[in-house]
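Biologist: I have just opened this one and would love a friendly tour. Could you walk me through a few of its contacts?

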Number of protein chains: 4
Amino acid sequence: MRPDSRVAVHDALEPADHPTRLSWSVEAVLIAAIAGSVIAAIWGTVPGLSHQTLTRLGDVALAAFAVFVAEYLARLFSAAGRDPDAASRPWQARWLYARSVLGVIDLLVILPQLLHAVGWLDADEARLGAVLALVKIARYAPALPLVISVFRNEGRSLLAALTVMLVLMVLAASVMYTLEHRAQPQLFSSIPACLWWAIVTIASVGYGDMIPVTLGGRIVAGVVMLLGIAMFAVPAGILATGFASELRRRDFVVTWNTVAKVPLFANLDAAGIAAIARLLKPQIVPAHYAVVRRGEPATAMYFIMTGEVEVDVPPNPVRLRAGQFFGEIALLRQMLRTATVTAVTETQLLTLEASDFRKLIDEFPDLRERISRIAEGRLGTPPTPTPPTNPA
Amino acid sequence: MRPDSRVAVHDALEPADHPTRLSWSVEAVLIAAIAGSVIAAIWGTVPGLSHQTLTRLGDVALAAFAVFVAEYLARLFSAAGRDPDAASRPWQARWLYARSVLGVIDLLVILPQLLHAVGWLDADEARLGAVLALVKIARYAPALPLVISVFRNEGRSLLAALTVMLVLMVLAASVMYTLEHRAQPQLFSSIPACLWWAIVTIASVGYGDMIPVTLGGRIVAGVVMLLGIAMFAVPAGILATGFASELRRRDFVVTWNTVAKVPLFANLDAAGIAAIARLLKPQIVPAHYAVVRRGEPATAMYFIMTGEVEVDVPPNPVRLRAGQFFGEIALLRQMLRTATVTAVTETQLLTLEASDFRKLIDEFPDLRERISRIAEGRLGTPPTPTPPTNPA
Amino acid sequence: MRPDSRVAVHDALEPADHPTRLSWSVEAVLIAAIAGSVIAAIWGTVPGLSHQTLTRLGDVALAAFAVFVAEYLARLFSAAGRDPDAASRPWQARWLYARSVLGVIDLLVILPQLLHAVGWLDADEARLGAVLALVKIARYAPALPLVISVFRNEGRSLLAALTVMLVLMVLAASVMYTLEHRAQPQLFSSIPACLWWAIVTIASVGYGDMIPVTLGGRIVAGVVMLLGIAMFAVPAGILATGFASELRRRDFVVTWNTVAKVPLFANLDAAGIAAIARLLKPQIVPAHYAVVRRGEPATAMYFIMTGEVEVDVPPNPVRLRAGQFFGEIALLRQMLRTATVTAVTETQLLTLEASDFRKLIDEFPDLRERISRIAEGRLGTPPTPTPPTNPA
Amino acid sequence: MRPDSRVAVHDALEPADHPTRLSWSVEAVLIAAIAGSVIAAIWGTVPGLSHQTLTRLGDVALAAFAVFVAEYLARLFSAAGRDPDAASRPWQARWLYARSVLGVIDLLVILPQLLHAVGWLDADEARLGAVLALVKIARYAPALPLVISVFRNEGRSLLAALTVMLVLMVLAASVMYTLEHRAQPQLFSSIPACLWWAIVTIASVGYGDMIPVTLGGRIVAGVVMLLGIAMFAVPAGILATGFASELRRRDFVVTWNTVAKVPLFANLDAAGIAAIARLLKPQIVPAHYAVVRRGEPATAMYFIMTGEVEVDVPPNPVRLRAGQFFGEIALLRQMLRTATVTAVTETQLLTLEASDFRKLIDEFPDLRERISRIAEGRLGTPPTPTPPTNPA
């Protein structure tokens, strides 16, 4: 019975494809606990709170703490999950979880409060654990892993930029100490103090607590500021490139999965779907947006991923839904748009440019025939949605 | 008669292609009302204004308010516009306008002043409505929709960057509270207060009202500043890419429309015009700029979109205008430029690179013949403008 | 005789290709006058200068002013230059110069000092003219026209970004006035005062003279700072793209001119040279840098533009100079480098990648033969520099 | 015997390919000396250190100084290194070292302390030498030469941006002096003082020591801030482009070297390896990361550069190590992944996209056969690692 209960716990914590009512509840409780823990920790530091408020915040913090302890034990217990191989060595799976990044964070959230309870840490340090719960949100926010990937991919270049920045800061601080120490012995009292000036200046924060007054000091400060601008530029460029390429890579996976569900491409092999997915560009349009207009030049055809569009073919407009496509007629016959298509709801589209479209039907002649047949069906009997493109 | 008056009001507010004298006047009045409303609201807060000035500003604000109320009613009344389908359901069209972004803003501009008149809002809050009129300028500035498109397209990535930034800010504020609270209990009084420090520092604003003084606090602040630089870089890269691709997409539409008007391409179909439009690059040159110089290598041919150029063929220079082209002779014969062409006024050109030019005439043999014929005509009788390229 | 003297003056001010001793002297005097004018104007404002210093600075300023007046008159006189067409209408040419950007600046440099002399402007305003002389340096710095081109090309996008930023600033200032006016009536005294806060915050300058203290004010300020980061990103991306494409365009012109001078390509037509120029990438290497190393894979061949390299073929190394090339042997035979080539002085190279190299010799079979013949000659008698590639 | 000792010293300082125990020790001592020198110089300026601490820091600084003197002499002595040509002219090689950038820095580190010992420099100036030792780390950090390359390659563009920024600063300072001098004669006392304001504002540092108060001054300051944002953007774009292209160039060299070691490509010539290397993209995956999953579409094959992966072919998973490859089966047969492959340790992979893969086996038919043979071997007897891909 134990493997079954382990799988049940695992599915409640990390539902694979189809979230159940239980897994939704568990996620809601965990997100509420994260919010409660962080808000209680932050709010509790405001001076002059009433005794009643403090008591309630303490209750929230305690409840959140209890949830986190239960979560940690449950994750440890069910670490092997659905993997039969790992299930045969449950303690190894647990150890793997315990030393993973998220496992360590799960522990760091509860440990300081445990140590505070036994008197080894003071309240301020225990509070850091409660705030650290914010990082647990990474499990529910797809954004954080993306950012982490980019920083890991570009780590070598960023480290290079950081090294140069640190060397410049130390040199700037030393020169500034030599120039300003005599004029302002209280402020520019030592090179470590000047390092504070250097970082505040290079990062262009400029608090104004340490300002050079000598001519030499100001000239050096000016050069440091210009270098700071240049230093800004380097990580900006590196991260921008990194983000662009990582997003492109991830978008491809999402696109592949959606293309594979389009009925039109149902009998293509994986390589064919990949070839199509590579050519499609995602686009989101708001409700009431006219995607194509009658009489405009035809530059692309569109696949509907989510949402709904309306084709204004008189007398009755046709609605198309996820899994259907439009805009292929004008492309096949090199003519102007024959109908205006407007988004009914916010709609996610995949765009296939005319030139890519021609490449594609050269490579996959079957596809040409299928699209032609649907297009002919539409031109013949416009108001009927075409049968082969049933909503997915 | 009602549909006619509705269309008339709609055309006065939103002229389709050919603005009339009436629509120009309406636009001028609305822009003046926006300017008056915003300036009166801003100026009216300056302390020590004379009674006379205040009265005049009040008059301006009242006039602008009246214009906005009239505009809102007119837009509601004529929401269905020229669309016969919408005209059959005018109240649905009105509801669609009322809940559109610009419709809500139009209402938010007048509502606070109405509520102020009945005593439900104070003067300060009513003034915000008057300033909000500035957003109405979006109807007349093509820039704002562009910026909105980019932010919508890149929303997912920007949200990811924002999430990471907010998590970092909360963690930084908590750590900073722990480190600085004892040294500066007045300034770093609570984590919410430290959050203010964190945002001011990460955004590299650095007001200087809260400055860490402990060694630990300064080290953490230095790390936060470096992270701030990195965090800057992410939206910069995302938005830069987004702007570039959105501008490219919009430029294509403009280029297509202008190419379609060039007489040379008059009998091409839509696909052919799109193929050409894709290859052309827009370029603006000032008056007196030499676009090509006699004896230089020929790298491109040019289509004139707006403005006028002069070809220095002796004895009498030739003027070419919008819709005409030049630079094709050297490309067809792979030789050096035979004449210098100078812009007479500021001139918008579309550039067709030599290599793209060769691809194009391979694909459209008709085009080659037409261009060759014109080029031969020019070489034979240079001072005569070629008949097939009459000004558009 | 007058046209001759006009041409002589014009050549002294703007030498076409071959600067003469006279034109060098004129340029030196003008640059000295610019430096003198700017330094005298700046230095002269320092309080507590001795009477002697002030007198000398006045003399320098007066001399520079005399030079500028003479320059302006000379430029006016010789505006028609070498252009016979313009020479027939000299006053039109003069008017064109007078209303050109640089012509207006030339006038603005001298006019305030003239008006000061007759008592119409005070010393401070006259000084601005003297400092404006700095812009005249644009004639001698190739950088400024480049920057101006980029700003003109990208003007439309930058204006869009600026409009959004200004709208946001006005809205932010109005909201901030409503929130902070009661708490800090002295600082946030009016919306114009709050506009100062908004620009200082959005530009992330953060002087610290106006800091919100209310909770609402700080939340709005935090949002404004985040928007400021985003707003930073937009012009950054636009200008970065603009600079990259403008530099690419200019580099092509320079490369074309240098390729045309390489003896190897002497009998190619303009289109062939353009095809080659398009494939070459410029590279600058310092003295003692090993461009290729014996035994490394061959990935490119190199053309020397300036400087000198040494090929270590035993027993006697060979020196190659501007107009010669190396690295072609390994590419022709798909082998490893047969010799190390080191820069003797700082050397400007044009790099031709292996894959581009193959495309090129497919397109121009003559070229293949010429390079093969030279390469064979080198392999047969390595220490002799190949005759067809004499230094340019 | 002397050439031998010179080579031995050179190898200890700059090991070519295989670092010896001696060269490791020398590097450790030199890095320790750099750290010691910098830390002692920085720490020694902190006020209120005990006599004992100061003595110890002095000892560390002296020891580091001795190491640097010994290093400089050793580098001078062994400058000719392993180059027999240079060895015949040892003094020329020494002079080349002495005037190289790193040679000058090596001297600048020891010279100030020597001059301080004889009383020609004071302690502050001598300390700058000790801090300058930080630049010596460039020999051990591959990052610094990279950054230097980028700044050299893009020097011309950066200089253009800097020139524009300096011209703007001087003009802004002059205008600001005219506007603010009367209102704040103490702060905006002269144009040089206003230059300090201009740089602090354009670099968006904003210390807050000089703040315009007049209406004109604030409007000019606002314009300067907006220009500052634009000026930021230019070096950002230039450096971002520069870094991207420099890293691409360097990565190619690294990739080529690793591809050449893959047994599969052992009998390709240099051009073939270069063709492959050009197509591969580096990727680092963490331990436990599933590189490919059973049933997913096949989009790439992978070469292992460092680390180890596990292929879950039942009954016994297979481990693949550096020099081996996987993912080729699905690509050859255009099917879905047949096995999940997970990284055992952090693993560096080179990715070959499916489309590039097809281009490659078209160009190199031998390669197709070799990969097919290995793939068939694997499909037939999955648990056995394929013999031709022994770990490198």
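Modeller: Gladly, beginning with terms: an axis is a line fitted to C-alpha atoms, for helices over the stretch in contact, and angles run from 0 to 180 degrees between N-to-C directions. Helices (H or I, at least four residues) and strands (E, at least two) are DSSP runs, numbered from the N terminus. This is a predicted model, in which local features need pLDDT of at least 70 and side-chain atom pairs count only at pLDDT 80 or more, while totals for chains, interfaces and linings use all residues. Residues are numbered from 1 along each chain as its sequence is written, with chains lettered from A and ligands numbered from 1 in the order in which they are written.

Biologist: How are helix 7 of chain A and helix 9 of chain B oriented: roughly parallel or roughly antiparallel?

Modeller: Helix 7 (residues 123-132) of chain A packs against helix 9 (residues 155-180) of chain B at about 175 degrees, their axes 10 Å apart. Angles under 35 degrees count as roughly parallel, over 145 as roughly antiparallel, 65 to 115 as roughly perpendicular and the rest as oblique. Therefore helix 7 of chain A and helix 9 of chain B are roughly antiparallel.

Biologist: Which residues of helix 9 of chain B make that contact?

Modeller: Residues are in contact if their C-beta atoms, placed from the backbone, lie within 7 Å. From helix 7 of chain A come Asp124(A), Glu125(A), Arg127(A), Leu128(A) and Val131(A). Their counterparts in helix 9 of chain B are Val170(B), Leu171(B), Ser174(B), Val175(B) and Thr178(B).

Biologist: Which strands stand at the edges of the open sheet in chain A?

Modeller: Strands pair if DSSP finds at least two bridges between them. Four strands of chain A form this sheet in the order 2-7-4-5, with antiparallel pairing. Two of them have a single partner strand each, so one side of each lacks a neighbour in the sheet: strand 2 (290-292) and strand 5 (318-321).

Biologist: Which residue stands opposite Val309(A)?

Modeller: Strand 4 (residues 308-311) and strand 7 (residues 341-343) of chain A pair in the antiparallel sense over three bridges. Opposite Val309(A), in strand 7 of chain A, stands Ala343(A).

Biologist: Is Leu239(C), in helix 11 of chain C, buried or exposed?

Modeller: A residue is buried if 20 or more other C-beta atoms lie within 10 Å of its own, exposed if 12 or fewer, and partly exposed in between. Leu239(C) touches residues including Val150(C), Ala230(D) and Gly237(D). Because Leu239(C) has 29 C-beta neighbours inside 10 Å, it counts as buried.

Technical notes:
Two residues are in contact if their C-beta atoms, placed from the backbone, lie within 7 Å. Lists of a residue's contacts leave out its neighbours within four places in sequence.
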